[in-house]
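Visitor: I have a structure to look at and a head full of terms. Could you show me how each label is earned?

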Amino acid sequence: MSDAILSALGALFEGVRFLFAHGGPNVIMISVACVMFWLAIAKGVEPLLLLPIAFGCLLVNLPLSEVMHADGVLKTLYDFGIGNELFPLLIFVGIGSMTDFTPLLANPRLLLFGAAGQVGIFVTLLLALWLGFSKEEAVSVAAIGACDGPTVIYVSNMFAGMDRIPTAMVGALAVAAYSYMALVPVIQPPIMRLLTTKKERAVKMPSPKGKVSKAALIAFPIVVTVITGIVAPKGLPLMGMIMLGNFIKVSGVAPRLASAAENEIANVSTLFLGLAIGGTMLGTQFLTRETLMVFGLGLVAITIDTVGGVLLGKIWYLLSGGKVNPLVGAAGISAYPMAARLVQSEGQRWNKHNYLLMHAMAANTGGQIGSVMAAAIMLSLLKGLGII
Amino acid sequence: MNNTVFGLTMLVVGMGGTLVTLFIITLVINALALFFPVRPDEEEKK
């Protein structure tokens, strides 16, 4: 009887024994989860994502946790919605429904800022290859330059599903992507000031005069979907889902669907995606030199994106005889609408009568399309080169 | 294909492809504005 009681008590303390014997990485990752809780709750950094990611990280790193074992709750969520790319795509339906392309359609040439804002993806890809990452790992790391969490998860998970990159790397990439998206207000302003003169930053741009009809707004998502399908079919699910969400909204005939896409679908997918991603952050697999390099390269990617956008803005400033404010170029990334608001506040800092918001919104929505298009083209090139 | 050739190919074709595709989309948006101009009743609402 006493043996049975001792064995039972021993089973209760098995977790504590494990923690002292092999729990170093788990303790570090539980601390990381606590930092993410603090960032989300106290600092308001991407709480919708950081809270479930951090909780998933906590759950998987508790001693003897079985949440990521076969049939474990997080493994089930992972297989259900990440392994088959479902959750990132459902989130894209919500993003599309929340995006207003009117400023872009009123001023379409600003879409080109959305291309310049992707240069970080391709330069980082080259850097990652030189640092010794495999081709698939380098493409996944470079995708952080898209400034778009679901795109990063979609691309990296495709390779994880083929066993070309470790599953734990998907978690590192997702956390890096979302962290840097949240840090855009910290990363961008110094670069914007460094690359522009006071005179350039103070350039006042008149409000866009072009008006947009409802029919054009409805036709736009269909046309972009068709073009993506023709040019880069491997990325069609990404662009197709964003444009589906937007199409439902602008059609104006299915407000319940639009509301569901913006709220229920996006919220439930975000919660499950965050938990499942957090579940990949097991200490023994996550704490590697590669993870640190992923975070370093992610920062490089977003920095180069901003440099690319502002430099195109400077070229445009010169070509237009000083009529384009180069700061608008910094909004050519996918962090919507944060990057646009940042350009507005930075522009007003140097000229109180400057209202760059509509131009920046156009560049920012261009950045959303540009990031997804860049990822789509990258995947199609990989298929063309016989890599996937 | 070695990594440098792969990286440079992706940089040139990937970035170039993105730029060209987005340029095509700007042309299409301009065409949409021509085909679907703002109607007078929409103008009044605005």
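Visitor: Which residues of H9(A) are buried?

Guide: First, a caution: this is a predicted model. The buried residues of H9(A) are A:Val119, A:Gly120, A:Ile121, A:Phe122, A:Val123, A:Thr124, A:Leu125, A:Leu127, A:Ala128 and A:Leu129.

Visitor: What makes H9(A) mostly covered?

Guide: Count them. Of its 12 residues, 10 are buried. A residue earns that word when 20 or more other C-beta atoms lie within 10 Å of its own.

Visitor: What do the buried residues of H9(A) pack against?

Guide: In chain A, they pack against H8, H10, H19 and H21. From chain B, helix H1 (3-35) joins in.

Visitor: How do you know that the reach of H9(A) is close to the expected one?

Guide: Compare two values. From its first C-alpha to its last, H9(A) reaches 17 Å. At 1.5 Å a residue, 16 Å is expected. After H9(A) comes A:Gly132, with a positive phi near 105 degrees.

Visitor: How do you know that the span of helix H17 of chain A agrees with its number of residues?

Guide: Helix H17 covers residues 255-279, so at 1.5 Å a residue its 25 residues should span 36 Å. Its end C-alpha atoms are 35 Å apart, so the two values agree.

Visitor: Where is the kink in H17(A) centred?

Guide: The kink is centred on A:Ala261. Its angle is about 40 degrees.

Visitor: Why is chain A called as compact as a globular protein of its length?

Guide: Start with its make-up: chain A has 21 helices and zero strands. Its radius of gyration is 22 Å, and the globule rule gives 21 Å for 388 residues. Those values are close, so the label holds. Along the principal axes, the C-alpha atoms fill a box of roughly 90 × 45 × 45 Å.

Visitor: How much of chain A counts as buried?

Guide: The share is 56% of the 388 residues. Now look at contacts with a separation of 6 or more: 77% of them come from residues 24 or more positions apart.

Visitor: How many residues does each chain bring to the contact between A and B?

Guide: Chain A gives 34 residues and chain B gives 30. On the chain A side, helix H8 (111-116), helix H9 (119-130), helix H15 (214-231) and helix H21 (357-384) each supply at least two residues. H15(A) has the largest share, with nine residues. By type, that side divides into 25 nonpolar, five polar and four charged residues.

Visitor: Why is A:Asp71 called exposed?

Guide: The cut-off for exposed is 12 or fewer neighbours. A:Asp71 has 8 other C-beta atoms within 10 Å, so the word fits. A:Asp71 sits in the loop between helix H4 (47-61) and helix H5 (73-82) of chain A. Its phi is positive, near 70 degrees, though the residue is other than glycine.

Visitor: Is A:Cys147 buried or exposed?

Guide: Buried: A:Cys147 has 32 C-beta neighbours inside 10 Å. The bar is 20 or more, so A:Cys147 passes. A:Cys147 lies in the loop between helix H10 (135-142) and helix H11 (149-161) of chain A. Here too phi is positive, near 55 degrees. Most residues other than glycine have a negative phi.

Visitor: What makes the bond between A:Tyr336 and A:Pro337 a cis peptide bond?

Guide: Look at omega: the value is about 0 degrees. A:Pro337 lies in the loop between helix H19 (289-319) and helix H20 (338-350) of chain A.

Visitor: How do you know that A:Val343 counts as buried?

Guide: A:Val343, in helix H20 of chain A, has 29 C-beta neighbours inside 10 Å. That meets the cut-off of 20 or more, so A:Val343 counts as buried. Beyond its neighbours within four places in sequence, A:Val343 is in contact with residues including A:Leu327, A:Ala331 and A:Ala360. A:Leu356 is 13 residues from A:Val343 in sequence, and the two are 7.0 Å apart, C-alpha to C-alpha.

Visitor: Why is A:Ala176 called buried?

Guide: A:Ala176 has 23 C-beta neighbours inside 10 Å, and 20 are enough, so the label stands. A:Ala176 is in helix H12 (residues 167-182) of chain A. Not counting residues up to four places away, A:Ala176 touches A:Ile144, A:Val294, A:Phe295 and A:Gly298.

Definitions and conventions. Residues numbered from 1 in each chain as written. Chains lettered and ligands numbered in written order. Predicted model: local features only at pLDDT ≥ 70, side-chain atom pairs only at ≥ 80, totals over all residues. Helix = DSSP H or I, 4+ residues; strand = E, 2+ residues; numbered from the N terminus. Rg over C-alpha atoms; globule rule 2.2 N^0.38 Å. Contact = placed C-beta atoms within 7 Å. Nonpolar A, V, L, I, M, F, W, Y, C, P; charged D, E, K, R; others polar. Expected span 1.5 Å × (residues − 1). Bend = angle between axes of the 7 residues up to and from the residue.
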